[in-house]
Amino acid sequence: MVYLPPPHLASASRPSYGEAYTNILVAHRRSPPTSASSVILLVAPDVDALCAAKMLAELLQQDDVMHRIIPVSGVAELESMKEELATYTQLHTLILVNMGAILDLPSSTWFGEFSDKLTVHVIDSTRPQNLGSLFGGGEIGDRIVIWDDGEVENMEEERKAWEALEYEPEPDSDEVDSDFDSEDETLPQGVQGVDEVFSEHTPSHKRRSLEGDRGREKRQKLDQSQTSRMSREQHARYQAIVDKHYTSGSWYGQSASTTIYILATVLERVDGDLLWLSILGLTYQYTTARISRESYDKYQSICNDEVSRLNPLPTGITNDVDTISALSPDDLSIRATEELRFTLFRHWTLYDAMFHSSYVAGKLGVWKERGRKRLTGLLAKMGFSIPQTQQPYAHMDLDLKHQLRSKLDAIAPEYGLIELAYPSFARCFGYRGPPLSAADAVEAVSALLDVAGGVTMEVEAEGARHGGEWFGGGRMWEGGRRASDESPQTKKHADGGTNANRDVIGDGTDGAEERAEVPWWVKNFWVCYDALTDIVTLCDALALSMSLHRAIIRQGTSIIDKQDIRTMRSHRVVILSQGPDLALFAHPGVLSRLALWLIDALRDKLPCTKLARGKKSLPFVLACLNERAGTYVVVGVMGAQNFGDVRKNEFGLAFINAKDRCNARSSHNSFNTSVLEIDQDDLKVFLEALCEVGEGY
């Protein structure tokens, strides 16, 4: 078996995460002590993968296992990375974090021809998974280990269909008939054929006897052939099952950080830091609409039990979900809380937090003057004055903070705001900084990952909101802290800590060699990696996240006001080709955020599309011009009709079919199949082809 079930489904004959980790340690102990490249982690650039890599690196460090972490942006870079990995003779463990699940890893295209000493571990939350990697045995298949979340246990039908198509001969009745027809021609010398035996000199009873013997022999061969060959109907049915597995759309399973936390639980090494990173990975999945509210509640309840077990409150102190504060300068505890769907409301003004919330935007229509008046009226009806709602939440009157939740519960339903909160967590950081909720931490890390570098961003200067013409305004984002305050670890990573991102170029004048510029997304990756455990960097990044949300609602409001949404037969299209934030939305992560904002804002305003499987959805395609590269970044998002639900994203296959149909010049620079980069001149024909192939979703 080449997939690992979770511990509660494991048995003596079916190992789980703990046994796989032990095998990694055993392989490392047997390798030379100086082999720095024997264990390599390839990590996708998303928050969940970052958290999982940080957790796994901590476990490996505790066991004195030298390892390398290499960020990989997409399939194309993974292919080039594979060529480099083939030269590492001491490599025995390769761990893919949030990548590789859909790839046929045992094939020669990927790792089938690597050394038999190499074991590839796949810890990926993306679905669907490749059936060959899951069920393909043999010497090569056993070296591909999939860390499953229990979902494969319910894939018996897919497994049976894949094994039948892979190992059983295909139906070919013509070939069977030809074997029998040519049988007489292949008889040995001295043995007469059937026609010769049935001559006029042969007695009739012998003729009937020989005919019966040959008929029985033919029937026996035919029966044996039928038992080894499936019928055409069976073959078509099995093929339909496999096709449905791959073409039903992409979705997400258990987060990679949760998988590593389960491993730490088996190893009995869980602590507050690992639990916090696991919570961040789960929160990221929920806030980016990767998992439904039902799935989130299931994992959140497990995290809640862990929080109660690892962070017991002192006697006589109760947990106040509204106002969380550290109990001592060394308090690093995690508390359960109710998170309001107001963007960064603990660090923003209450009005801005509600105004920039996609949920509030959809219910009140804040992109119109009437919607903004309704928002002001809601706050007034709650008894919150304008000066109170326009100042930072931390400076609001304490009694108003305590009344906020009760006032919202009483008045907000009149405005259609009935799902304003969801269960979440917050962590105290003692003397180092104020408590930070999981949702706010995810917002900060996501902003750093998307726009910490590679684009110019202006953030609001602290205390300059009401400074007037002379003292108001903002400042340009320069990576948070000053360069002199950067940690040596961050500098080391940003300078190109991996061979994959190193390049030596020569100076034409004096022959001096310099290292090439590290890509902006690699720098962002390492900034985020360090920020996960640095509260100062996270707090600095909150201002960057606020600027990002301002740009999103500014662009989203412009799209709706100018009626830039085109309605096609099966989806809606928005094309961004000009504007002050064009360079910002050319980043796939930011463009995906804008698509999610549009879906939340227009969910109750636009009619949904009926899917082929009977479910209604709100499919959006956003394209943004990248002026520097001369291409369009295209993102496809499937929105559910009801808030909190999630639909499988079927744009990945639709994009591939559309670009093949029109021969558009394109590239996939992400592991997300619903993100595509199209040549500027081919966008029109691509969108036309997408309309033709998009009838199924």
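This is a short talk on a predicted protein model, going from the whole chain down to single residues.

Hi everyone, thanks for coming. Please keep in mind throughout that we are looking at a predicted model.

Let's start with the whole chain. It has 697 residues, and 50% of them are buried. The secondary structure comes to 27 helices and 22 strands. Now, how do the contacts run along the sequence? If we take contacts between residues at least 6 apart in sequence, 73% of them join residues at least 24 apart. As for the outside, the chain exposes about 32900 Å², and carbon and sulfur atoms supply 48% of that area.

Next, the inside. In soluble globular proteins, nonpolar side chains tend to be buried together. Here, the largest nonpolar core has 200 residues. Which residues have the most contacts inside this core? They are Leu42, Phe342 and Phe585. The largest share of the core comes from helix 23, residues 535-561, which gives 13 residues.

Let's stay with Phe585 for a moment. Leaving out residues up to four places away in sequence, Phe585 touches Ala551, Ile552, Gln555, Leu576, Val590, Leu591, Leu594 and Cys624. A second residue to find is Asp581, in the loop between strand 17 (572-576) and helix 24 (582-585). Is Asp581 buried or exposed? Its relative accessible area is 13%, so Asp581 counts as buried. With the close sequence neighbours again left out, Asp581 touches Ala551 and Arg554. If you look back at the list for Phe585, Ala551 is there as well.

Now a helix to look at: helix 11, residues 256-266. Of its 11 residues, 8 are buried, so the helix is largely enclosed by the rest of the structure. The buried ones are Ala256, Ser257, Thr258, Thr259, Ile260, Tyr261, Leu263 and Ala264. After helix 11 comes Glu268, whose phi is positive, near 60°.

On to the aromatic rings. A pair of rings is described by the distance of the centres and the angle of the planes. In this model the count comes to 18 aromatic pairs. Take Phe111 and Phe114: their ring centres are 5.1 Å apart and their planes stand at 70°, so this pair is edge-to-face. Both of these residues are buried. Together with Trp110, Phe111 and Phe114 form one aromatic cluster.

For contrast, try Tyr286 and Tyr296. This pair is stacked, with 4.4 Å from centre to centre and 15° between the planes. Tyr286 lies in helix 12 (residues 272-287) and Tyr296 in helix 13 (residues 293-310), so the pair ties together parts that are 10 residues apart in sequence. Tyr286 is buried at 9% relative accessible area, and Tyr296 is buried at 1%.

Rings can have charged company too. The charged end of Lys54 sits over the ring of Tyr529, 4.2 Å from the ring centre. Likewise, the charged end of Lys401 sits over the ring of Tyr393, here 5.3 Å from the centre.

Last topic: cysteines. A disulfide is a covalent bond between the sulfur atoms of two cysteines. How many disulfides are counted here? The count comes to 0. Two cysteines you can look up yourselves are Cys303, which is buried with a relative accessible area of 8%, and Cys539, which is partly exposed at 25%.

That's my tour. Thanks for listening, and I'm happy to go back to any residue on screen.

Technical notes. Residues numbered from 1 in each chain as written. Predicted model: local features only at pLDDT ≥ 70, side-chain atom pairs only at ≥ 80, totals over all residues. Heavy atoms only, no water. Helix = DSSP H or I, 4+ residues; strand = E, 2+ residues; numbered from the N terminus. Buried < 20%, exposed > 50% of the residue type's maximum accessible area, 1.4 Å probe, protein only. Contact = heavy atoms within 4.5 Å. Areas by Shrake-Rupley, 256 points an atom, 1.4 Å probe, with all protein chains shown as cover. Phe/Tyr/Trp six-rings, centres within 6.5 Å; stacked < 30°, edge-to-face > 60°. Lys NZ or Arg CZ within 6 Å of the ring centre and 35° of its normal. Disulfide = S-S within 2.5 Å. Core = buried A, V, L, I, M, F, W, Y, C linked by side-chain atoms within 4.5 Å.
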